[in-house]
Amino acid sequence: IPGGTKDNLAHAATHVHWAAEIPEIERLILCDAQTSGGLLISLPEAEAASLLAEVKKGAAEAACIGKITNAGEGMIRILRRQSGDDQ
């Protein structure tokens with residue numbers, strides 16, 4: 001595991017709350033320094049499906065990875081997706 005990845009994970013510690021069931025290897029993958037990173041977009045939920053369909057026309061992969069449910073304390077929460085969740 002590259003040192004940059006470990007540095008990224010350490011930096012994220014002040015901004016991210018990881019669910020207890022997220023193993024360290026998955027945390028490291030999400031903080032991988034060997035990639036140029038993905039494109040993260042935030043938009044109104046009503047616009048998500050049409051944008052996702054449009055992006056998929058020209059991208060190898062695209063997915064809705066989460067949603068803002070309410071105002072919080074300014075932290076990113078990484079949760080395990082529940083079966084049956086559509087987003």
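Two salt bridges (a side-chain nitrogen of Lys or Arg within 4 Å of a carboxyl oxygen of Asp or Glu) turn up in a search of the whole structure. The model is a predicted one, in which local features need pLDDT of at least 70 and side-chain atom pairs count only at pLDDT 80 or more, while totals for chains, interfaces and linings use all residues. Residues are numbered from 1 along each chain as its sequence is written, and side-chain values use heavy atoms, with hydrogens and water left out.

One salt bridge joins Arg80 to Glu26, with the closest N and O atoms 3.0 Å apart. This pair links distant parts of the chain, 54 residues apart: Glu26 sits in helix H2 (residues 24-30), and Arg80 in the segment after strand S2 (76-78). Here helices (H or I, at least four residues) and strands (E, at least two) are DSSP runs, numbered from the N terminus. Glu54 and Lys57 form a salt bridge too, their closest N and O atoms being 3.2 Å apart. Both residues belong to helix H3, three residues apart, or about one turn of the helix.

Turning to the interior, the largest nonpolar core (buried Ala, Val, Leu, Ile, Met, Phe, Trp, Tyr and Cys residues joined through side-chain atoms within 4.5 Å) has eight residues, among them Leu9, Trp18 and Ala19. Buried means under 20% relative accessible area (1.4 Å probe, protein chains only), exposed over 50%, and partly exposed in between. Helix H1 (3-12) and strand S1 (16-18) each supply at least two residues of this core. By contact (heavy atoms within 4.5 Å), Ala19 touches Arg27, Ile78, Leu79 and Arg80, leaving aside residues up to four places away in sequence.
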